[in-house]
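Here is a quick walk through the model, one region at a time. Keep the viewer open and follow along.

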Amino acid sequence: MNANILILVVFIAAMYFIMIRPQQKQQKKRQAMINNVQAGAEVITIGGMHGTIAAVNKEAHTFDLDAEGVILVFELSAIRQVVKEANAPVTTEELTGEAPEVNESEADSDDNQEATDAQKSEEK
């Protein structure tokens, strides 16, 4: 009888560590993401809408989503994923839409590498 109780306890402990604990960790991670969201962050809602957070109202648990000039109000729980944090540094390429300038020595080494790669592919 003691062996049966021991097997039951081990089975319940295994179920806890396999099913319940990972789900609780994932839930805590999601809640932390929602609590730390700020205006300016790019998000995707659970409905699939992409946009930038214009404002966050912590008291009402809502946020204003700017989707190409249209402001929509959602519950904070409607955030599925934060694509880019609000305080993430913006690169020059994102601002201008152009690739950053490369100095001549880097450009020459890239050209030499491309020529070497082309020669290798021709030999095959």
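## Starting at Gln 81

Gln 81 is partly exposed, as its relative accessible area is 39%. The residue sits in strand β5. Keep in mind that everything here comes from a predicted model.

Which residues does Gln 81 touch once neighbours within four places in sequence are set aside? The contacts are Met 33, Glu 42, Val 43 and Ile 44. Thr 45 is 36 residues away from Gln 81 in sequence, yet the two C-alpha atoms are 6.9 Å apart in space.

## The overall layout

Zooming out, the protein chain holds three helices and five strands. Read from the N terminus, the order is α-β-β-β-β-β-α-α. Of the 124 residues in the protein chain, 13% are buried.

If you like contact statistics, take the contacts in the protein chain with a separation of 6 or more: 37% of them join residues 24 or more positions apart.

## The N-terminal helix

Helix α1 covers residues 2–35, which makes 34 residues. At 1.5 Å a residue the helix should span 50 Å, and the end C-alpha atoms are 47 Å apart, so the two values agree. There is a bend to look for as well: α1 has a kink of about 35°, centred on Tyr 16.

UniProt, in an unreviewed entry, lists residues 6–23 as "transmembrane region". In the model, residues 6–23 are 100% helix and 0% strand. The C-alpha atoms at the two ends of that stretch are 25 Å apart.

## The nonpolar core

Which residues make up the largest nonpolar core? There are 10 of them: Ile 34, Val 37, Ala 41, Val 43, Ile 53, Phe 63, Leu 65, Leu 76, Ile 79 and Val 82. Two elements, β3 (62–67) and β5 (79–84), each give two or more residues to this core. As background, nonpolar side chains in soluble globular proteins tend to be buried together.

Phe 63 is a good core residue to click on. Leaving out residues up to four places away in sequence, Phe 63 touches Val 43, Thr 45, Ile 53, Ala 55, Val 56, Leu 72, Val 73, Phe 74, Glu 75, Leu 76 and Ile 79.

## Two buried threonines

Thr 45 belongs to strand β1, which runs over residues 42–45. Why does Thr 45 count as buried? Its relative accessible area is 3%, and the cut-off for buried is under 20%. Beyond residues up to four places away in sequence, Thr 45 touches Phe 63, Leu 65, Phe 74, Ala 78, Ile 79 and Arg 80.

Thr 62 lies in strand β3 and is buried too, at 14% relative accessibility. With neighbours within four places in sequence left aside, Thr 62 is in contact with Val 56, Asn 57, Val 73, Phe 74, Glu 75 and Leu 76.

## One salt bridge

How many salt bridges does the count give? It comes to one. Glu 42 pairs with Lys 84, and their closest N and O atoms are 3.6 Å apart. Because Glu 42 lies in strand β1 and Lys 84 in strand β5, the pair ties together parts that are 42 residues apart in sequence.

Are the partners buried or exposed? Glu 42 counts as partly exposed, at 30% relative accessibility. Lys 84 also counts as partly exposed, at 26%.

## His 50 and two positive phi angles

His 50, found in strand β2, is exposed, with a relative accessible area of 53%. Apart from residues up to four places away in sequence, His 50 touches Val 43, Ile 44 and Ala 67. The C-alpha atoms of His 50 and Val 82 are separated by 9.8 Å, with their positions 32 residues apart along the chain.

For backbone checks, have a look at two loop residues. His 61, in the loop between β2 (50–57) and β3, has a positive phi near 55° despite being a residue other than glycine. Glu 68 is not a glycine either, and its phi is positive at about 55°. Glu 68 sits in the loop between β3 and β4 (70–75), where it counts as exposed at 85% relative accessibility.

Conventions
Residues are numbered from 1 along each chain as its sequence is written. This is a predicted model: local features need pLDDT of at least 70, side-chain atom pairs count only at pLDDT 80 or more; totals for chains, interfaces and linings use all residues. Side-chain values use heavy atoms; hydrogens and water are left out. Helices (H or I, at least four residues) and strands (E, at least two) are DSSP runs, numbered from the N terminus. Buried means under 20% relative accessible area, exposed over 50%, partly exposed in between (1.4 Å probe, protein chains only). Contact means heavy atoms within 4.5 Å. UniProt positions are given in the numbering used here, feature names are shortened, and annotations may be inferred rather than shown by experiment. A nonpolar core is a set of buried Ala, Val, Leu, Ile, Met, Phe, Trp, Tyr and Cys residues joined through side-chain atoms within 4.5 Å. The expected span of a helix is 1.5 Å times one less than its number of residues. The bend at a residue is the angle between axes fitted to the seven residues ending there and the seven starting there. A salt bridge is a side-chain nitrogen of Lys or Arg within 4 Å of a carboxyl oxygen of Asp or Glu.
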